[in-house]
Amino acid sequence: MINIERLVSEIDAQLIFRTRFEGNVWKIDVKGIHYWKLNKILKVLNDRGVKKIELYNVHGQRYIGTNLKSKVNVEVYGTPGNDLGAFMNGPEIVVHGNVQDCCGNTMNEGSIIVHGNAGDITGYSMRGGKIFIRNSTGYRVGVHMKEYGNKRPCLVIGGTAQDFIGEYMAGGIIAILGLNLKSGEHHKARFVGTGMHGGVIYIHGEVRSISKEAEAVNLNEEDWKILYKIVEEFCRCFKFDAEKILEQNFKKIIPVSHRPYGMLYAY
Amino acid sequence: MKSYLLPEYMVERDHNRCIRCKACISQCTYGAHYYDEEEDMVLSKDEKCVNCQRCVVFCPTHAITIKNNPNSYRENANWTHEVITAIKKQAETGGIILTGMGCDKPYFTYWDRLLLNASQVTNPSIDPIREPMELRTYLGAKPDRLRIDVEEGDYILKTKLAPQLCIETPILFSAISYGSTSIRVHESLARAASEYGTLWNTGEGGLARRLYKYGEHTIVQVASGRFGVHPEYLNISAAIEIKIGQGAKPGIGGHLPGEKVSEEISRTRMIPVGTDAISSAPQHDIYSIEDLAQLIYALKEATDYAKPIFVKIAAVHNSAAIASGIVRAGADVIVLDGIRGGTGAAPRIIRDNVGIPIEMAIASVDQRLREEGIRNRVSIIAAGGIKSSADVVKAIALGADAVYIATAALVAMGCTVCQKCYTGKCPWGIATTDPWISKRLNPDVASKRLMNLLKAWSMEIKEMMGGMGINAIESLRGNREHLRAVGLTETELRILGVKAAGE
């Protein structure tokens with residue numbers, strides 16, 4: 001353990017006073033530490049098989065989780081910067097606070113659980129793993145989200161999301177639970193599913209407009225099973241009542257065609 | 001609706017020479033030839049011919065000649081045959097006219113207006129056959145200054161260098177995606193690049209796992225659709241290229257039609273079989289230089305700062321200012337793709353009308369970066385319409401570090417630039433993923449042809465350098481004194497930074 005402390009302090013000398021090892025958890029105060037140092041620390045710990053890390057006073061540091069190769073649990077206290085978990089391949093990140101833009105960019109595997117809000121393009125081109133946002137997100141969530149083989153990414157948003165939900169979506173699942181909508185209130189999102197050609201969006205509550213490439217239909221039995229499983233898991237993370245959420249009405253938004261550009265050209 | 005379109009080509013067959021072997025029938029993937037049993041004759045359907053010359057080459061008795069259809073609309077300088085044909089085609093289909101390969105118009109080519117220098121009397125030219133000639137090029141950010149310490153008589157480099165790529169000739173293979181072409185094209189490029197000591201580029205369709213072994217010579221591309229982009233793909237590479245734009249279609253995205261997304265393609269692109277693979281025009285995480293920096297550093301973080309990051313843009317009006325931003329965003333290499341750059345499929349109207357010539361882009365970007373004192377922080381690769389070794393030398397003299405070739409590489413493999421890549425039926429087995437047709441391209445042969453091209457161009461480059469009295473490609477870079485122009489305006493000369501011939 002001393003060894004790891006030394007390695008961490010080599011990255012930044014002042015960290016020796018800010019690093020503690022308690023109950024199998026490495027706890028680090030990263031206030032004012034540049035992101036590349038922070039991520040290097042995570043990598044050093046990850047490479048040495050550390051399974052649990054807690055980061056305190058995170059303040060805008062980008063790319064947390066990007067360079068981690070194996071399973072590790074990172075608890076983040078504060079506000080991580082853009083591209084949280086970009087290209088991530090396995091770790092579990094729990095954020096106690098809000099996250100900024102591009103969270104889960106091109107993520108391949110792992111999970112990001114956010115006890116707060118997320119910014120724009122959450123889950124950009126995500127291919128696997130899951131992202132749970134307790135509250136709401138910004139614009140273009142799940143843009144270019146895709147699925148492949150046994151990889152089916154899942155993005156769940158407890159509250160609402162803004163325009164262009166599931167833009168160019170090619171696969172995976174987005175669920176928007178609308179928990180913060182008051183009775184009779186609608187989502188503000190417009191152009192939902194623009195360019196969508198795969199995947200599914202489950203949504204509780206009306207949106208302002210759905211694109212011409214997508215349509216809203218009722219859930220079938222299989223959908224309810226999937227949604228049930230997702231909502232259960234989501235609720236376990238945030239201590240919500242799954243039964244109550246699932247009592248509500250849901251629609252699913254699916255693409256009209258998986259070939260939206262088929263008729264565009266003269267050959 | 002009856003089509004009013006005329007066949008573009010006429011297939012002429014010398015029936016005295018034809019031996020009814022039917023090779024043309026089996027070679028043509030467009031079904032232009034057929035055998036008439038009653039007449040015992042091989043005949044043709046002119047309207048299906050694309051003039052790819054496959055049957056011509058494979059006819060054992062040279063019985064076939066493909067000619068432009070002599071029937072044409074009344075001669076008119078404005079309403080040309082091509083213009084009228086395009087309108088009729090659109091009136092019949094209501095679609096955007098697709099094309100393949102680079103711009104085929106006679107305008108925009110400055111290479112042919114630029115002439116190279118040679119030594120006469122006052123300094124000796126060098127014979128590259130006898131003298132060592134250095135074409136080796138290092139791509140990547142160079143430091144502002146070097147610190148070298150002397151310790152016990154040894155010189156020790158103290159400056160930490162950014163990752164560098166070493167190539168044996170300043171020619172790299174440009175992005176050609178798996179999906180637009182077959183895996184055999186990828187394998188041929190990978191093998192040739194590895195054996196010669198240069199680099200090839202996957203394009204945006206991912207990389208088949210069995211080609212990972214060529215990773216050290218592979219540039220992997222990351223585009224808006226992020227097809228096949230995962231940590232392993234990034235980490236096996238020599239470098240990563242962020243594709244912002246392409247010279248053949250600046251400002252627009254692209255897509256691989258669902259019918260081309262076979263099981264194998266789907267595995268590499270990591271999308272379901274049969275769905276359109278859509279690359280949107282913008283990358284929605286990049287709306288500014290700051291956002292570009294974010295992606296550059298995300299990729300650096302994902303690969304432990306070990307790989308140079310390329311940023312490829314189409315050459316457009318304000319490329320110089322954009323390039324300055326790209327350097328400041330942390331890119332190691334800028335790729336400029338000019339208006340003559342090739343493509344597997346692009347709307348013809350975009351290909352022929354959007355962007356600027358690569359010559360202007362190289363000169364203005366190099367000039368701007370020099371003026372700002374940041375030219376050393378980036379390497380410049382010029383792409384789009386490099387047709388010969390002379391173009392390579394001129395591009396480097398204008399300010400590029402190296403060039404990308406793709407069309408020339410395809411031509412070396414067999415392509416005849418018939419511009420029908422988008423049909424997926426390439427009779428030469430290149431722009432197709434059909435397992436049957438793509439077998440026509442043998443990677444053993446194609447990689448050898450590519451190697452030969454690299455070897456031949458490299459020797460020609462050495463000859464030209466030797467003639468100028470230069471023995472290292474580095475001394476040629478941005479050395480515009482070795483260029484003179486003919487037939488250009490004052491403005492063009494100023495932008496190119498080149499004197500007129502005779503000056």
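Biologist: How far apart are the C-alpha centres of domain 1 of chain B and domain 2 of chain B?

Modeller: In this predicted model, where local features need pLDDT of at least 70 and side-chain atom pairs count only at pLDDT 80 or more, while totals for chains, interfaces and linings use all residues, those C-alpha centres lie 35 Å apart. The domains themselves are domain 1 (9-95) and domain 2 (137-500) of chain B, with bounds that come from an automatic or database domain assignment. Residues are numbered from 1 along each chain as its sequence is written, and chains are lettered from A and ligands numbered from 1 in the order in which they are written.

Biologist: How many residues does the contact take from domain 1 of chain B and from domain 2 of chain B, and what makes a pair of residues count as being in contact?

Modeller: A pair is in contact if the C-beta atoms, placed from the backbone, lie within 7 Å, and the contact between the domains takes 9 residues from domain 1 and 7 residues from domain 2 of chain B. On the side of domain 1 that touches domain 2, the residues are 4 nonpolar, 4 polar and 1 charged, where Ala, Val, Leu, Ile, Met, Phe, Trp, Tyr, Cys and Pro count as nonpolar, Asp, Glu, Lys and Arg as charged, and the others, Gly among them, as polar.

Biologist: Which residues touch the most other members of the largest nonpolar core, and how do you know where this core lies with respect to domain 1 and domain 2 of chain B?

Modeller: A nonpolar core is a set of buried Ala, Val, Leu, Ile, Met, Phe, Trp, Tyr and Cys residues joined through C-beta atoms within 7 Å. The largest one has 223 residues, of which B:Val311, B:Ala331, B:Leu336, B:Ile362, B:Ile381 and B:Val403 touch the most other members, and helix α14 (residues 443-468) of chain B gives the most to it, with 9 residues. Both domain 1 and domain 2 of chain B give residues to this core, so it lies between them. Residues up to four places away in sequence aside, B:Val311 touches B:Ile242, B:Ile244, B:Leu292, B:Ile326, B:Ala331, B:Ile334 and B:Val335.

Biologist: Why does B:Ile437 count as partly exposed?

Modeller: A residue is buried if 20 or more other C-beta atoms, placed from the backbone, lie within 10 Å of its own, exposed if 12 or fewer, and partly exposed in between. B:Ile437 has 19 C-beta neighbours inside 10 Å, and therefore it counts as partly exposed. By the definition of buried, 51% of the 503 residues of chain B qualify. B:Ile437 has its place in helix α13 (residues 435-438) of chain B, and, neighbours within four places in sequence aside, it is in contact with B:Thr29, B:Lys425, B:Cys426, B:Gly429 and B:Thr432.

Biologist: What makes chain B as compact as a globular protein of that length?

Modeller: The radius of gyration is taken over C-alpha atoms, and the globule rule is 2.2 Å times the number of residues to the power 0.38. For chain B the radius is 24 Å, and the rule gives 23 Å for 503 residues; the values are close, so the chain is as compact as a globular protein of that length. Along its principal axes the C-alpha trace of chain B spans about 90 × 60 × 45 Å, and the chain has 16 helices and 23 strands, which are DSSP runs numbered from the N terminus (helices are H or I, at least four residues; strands are E, at least two).

Biologist: How do you know that β13(A) is joined to strand β5 (residues 96-99) of chain B?

Modeller: Two strands pair if DSSP finds at least two bridges between them, and here 2 bridges join β13(A) to β5(B), which run parallel. A:Ala266 stands opposite B:Ile97 in β5(B). β5(B) also pairs with β19(B), in the antiparallel sense over 2 bridges, and the bridge partner of B:Leu98 in β19(B) is B:Pro347.

Biologist: What makes β13 of chain A and β19 (346-347) of chain B the edge strands?

Modeller: The open sheet of 3 strands has the order β13(A)-β5(B)-β19(B), with mixed pairing, and each of the edge strands pairs on one side only.

Biologist: How many residues does the contact take from chain A and from chain B?

Modeller: The contact takes 37 residues from chain A and 32 residues from chain B. β9 (170-176) and β13 (265-266) of chain A each supply at least two residues of the side of chain A that touches chain B, and that side divides into 16 nonpolar, 15 polar and 6 charged residues.

Technical notes. Two residues are in contact if their C-beta atoms, placed from the backbone, lie within 7 Å.
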